[in-house]
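User: Hey, could you walk me through this one? I'd like to start with how the chains touch.
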Amino acid sequence: MLLEVAGLKKSFGSIVVADALDLAIEPGEAVGIIGPNGAGKTTLFNLIAGNLAPEAGYIRFDGRDLASISPQGRCRAGIGRTHQIPQPFEKLTVFENLLVGAVYGRRSSERQAAQYCGEILGRLGLLKRANSLAGSLTLLERKRLEMARALATAPRLLLLDEIAGGLTEGECSELVTTINDIRKTGVAILWIEHIVHALLAVVDRLVVLNFGRKIAAGLPREVMQRPDVHQIYIGIEA
Amino acid sequence: MDEASSRPVQTFRIKTVGRASHAALVVVTVALLALALLPVFAGRTLIQDLIFLYYMLALAQCWNLLAGYAGLISVGQQAFVGLGGYILFALTLTGGLNPVLAIPIAGLVSALFAFPTALVVFRLRGAYFAIGTWVVAEVYRLAFAQVKPLGGGTGTSLTPSITSSAYGIEWVKTLLDVRTPAARDIVSYWLALALVAGTLAAVYFMLRSRRGLALGAIRDHETAAASLGVDIYRIKLAVYVATAAMTGMIGALIYLQKARISPDAAFSVLDWTAYVIFIVVIGGIGTMEGPFIGAIILYLMQHYLADFGAWYLILLGALGILVMLLAPKGVWGLVSERFDLTLFPTRRRLVVDDEERPIASKRPKMRET
């Protein structure tokens, strides 16, 4: 088991955002998370990445309890994440953004990191922008940078938070190809996404969250056909 | 991965030093030599003015590294200026040490004090951190006011025999044929020049190192830096202790030059922090160039407006507020935006060691949308 989450609980005042959550991911597996806004999806990422502390329950990565481990420690352990709203280092270049991840997350020297970062930039189509300031990127490029930067830390688990939101159809299918490529290198993926068809093109399993609770989980097609999932999530479209 | 094997293999390289940098190194060396030789020609007033300019610039570089890069908005750096000054007085008055030797020791002691201080103030965030550092500096002030051998609350002076015992003074007297007070100023001038050059070199090489990469990331987005594996606490602690050491040495030099110390002056938030913040904000926070411009502006204002008394401070404050409102990146921010200029290059560039063809044409299917 690569990631093991059990009995996770977190609330902000009276609003429960994680309610006895269980989740398990095998190495190399891709799992999608869907759910309405406020269901606690991003909170789950913040709990896994160490930006928030749970009130109860535990998170194990590679068999190790993460409770006392800082966000940077979790990154070094192999958890890479992207943010829903891209958070580039605007006054650094695109390449330098990746370099931070490679030097600190992956712990390689700057010299070694150049080759590695260059290849990631090539794979994500950002090579032409390598030496531009990250602050000058478009939204699509920022989303790619967000992912490239997380990859630079050489993660074994990649947390993707609405990486396809706001993209055109063409950009979206390009992204799906990229993510499938990443999967082939053995990286496990946990992906929050509203664009369900993009998600279904990648993931092995689907988890549905609502009010911090896991209301359904299983094979994507089966989960999508469940009436309760339809009602709370897809209901609007049906 | 099939796609990857059909793609021509590219090799990448990192490049930090630009072509202009070697020329810049020559310019810097020549400038330093010229400044070092200046006392031979310049009058005493100019030398004294430049000493002030040098130590304010050095203090500003330290505060800029703290606040502009590491996000540590300290309002208590006077703690280390005063500490450095007092250590120098203690070592020379009661220990009989040569003042020149006392300066590095003052830096060392400041670093030692900075460590436990950091453990306390680092528990605070944002505005609370700022106020916390100020409170700590006040504690330092009150503590030194209790030390009777150093004059307690009223302070004490260095005897002329101590101030003129600094290394090099006799040498300067015979070589340049000047009296003791002028020779003292010249030695102080060289010490100040060495300290400011040392501070600039230390800050620059720190920014060029892997720590600098992390500091740039922390400056732009702290939580994102943490999620990429940057140990924020450790780097902030390193910056805090290093700047405390430099600030302590500068403080020691300032009070060697003044030859008189008192708790109220040595731990003055106005003199050693407010002016320094003014310099950094006016010049451009988060850049190494900004403090240069800010220090020169402060010097000019002090030089030409000092006769206006309180109006000088009112003008200073008004200018500070105006710059914050209209040009939050400071004067250097305006300049660098327009001309894409940098005097202290820290950029790391990615270079593709390919065949001659440009990057874009090698991967035609990449950006169709």
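Analyst: Sure. Keep in mind that this is a predicted model. The contact draws on 39 residues from chain A and 32 residues from chain B.

User: Which helices of chain A supply at least two residues each to the side that touches chain B?
Analyst: Those are helix H2 (71–77), helix H3 (94–105), helix H4 (110–123) and helix H6 (169–184) of chain A.

User: And which one gives the most?
Analyst: H3(A) does, with eight residues on the side of chain A that touches chain B.

User: How do the residues on that side of chain A divide into nonpolar, polar and charged?
Analyst: You get 14 nonpolar, 14 polar and 11 charged residues on the side of chain A that touches chain B.

User: OK, staying with chain A, what domains is it divided into?
Analyst: There's domain 1, covering 1–78 + 155–238, and domain 2, covering 89–154. Going by C-alpha atoms, the centres of these two domains of chain A are 24 Å apart.

User: How many residues does each domain of chain A put into their contact?
Analyst: Domain 1 of chain A puts in 12 residues, and domain 2 of chain A puts in 12 residues. On the domain 1 side, H2, strand S7 (157–161) and H6 of chain A give two or more residues each. H6(A) has the largest share there, with four residues.

User: What classes of residue are on that domain 1 side?
Analyst: The side of domain 1 of chain A that touches domain 2 of chain A has seven nonpolar, two polar and three charged residues.

User: Let's switch to chain B. How do the axes of H5(B) and H6(B) cross?
Analyst: Helix H5 (residues 99–121) and helix H6 (residues 126–144) of chain B have axes that come within 10 Å and cross at roughly 140 degrees. That angle is why H5(B) and H6(B) count as oblique to each other. The crossing of H5(B) past H6(B) is right-handed.

User: Which residues make that contact?
Analyst: From H5(B), it's Thr117(B), Val120(B) and Val121(B), while H6(B) brings Phe129(B), Gly132(B), Thr133(B) and Val136(B). Sorted by class, the contact of H5(B) with H6(B) has four nonpolar, three polar and no charged residues.

User: One more: where does Leu46(B) lie?
Analyst: Leu46(B) is in helix H3 of chain B, which spans residues 44–69. Leu46(B) counts as partly exposed because it has 13 C-beta neighbours inside 10 Å.

User: And how far apart are Leu46(B) and His22(B)?
Analyst: Along the sequence, Leu46(B) and His22(B) are 24 residues apart, and in space they're 31 Å apart, C-alpha to C-alpha.

Conventions. Residues are numbered from 1 along each chain as its sequence is written. Chains are lettered from A and ligands numbered from 1 in the order in which they are written. This is a predicted model: local features need pLDDT of at least 70, side-chain atom pairs count only at pLDDT 80 or more; totals for chains, interfaces and linings use all residues. Two residues are in contact if their C-beta atoms, placed from the backbone, lie within 7 Å. Ala, Val, Leu, Ile, Met, Phe, Trp, Tyr, Cys and Pro count as nonpolar, Asp, Glu, Lys and Arg as charged, and the others, Gly among them, as polar. A residue is buried if 20 or more other C-beta atoms lie within 10 Å of its own, exposed if 12 or fewer, and partly exposed in between; C-beta atoms are placed from the backbone. Axes are lines fitted to C-alpha atoms, for helices over the stretch in contact, and angles run from 0 to 180 degrees between N-to-C directions. Angles under 35 degrees count as roughly parallel, over 145 as roughly antiparallel, 65 to 115 as roughly perpendicular and the rest as oblique. A crossing is left-handed if the near helix is turned anticlockwise from the far one by less than a right angle, and right-handed if clockwise. Domain bounds come from an automatic or database domain assignment.
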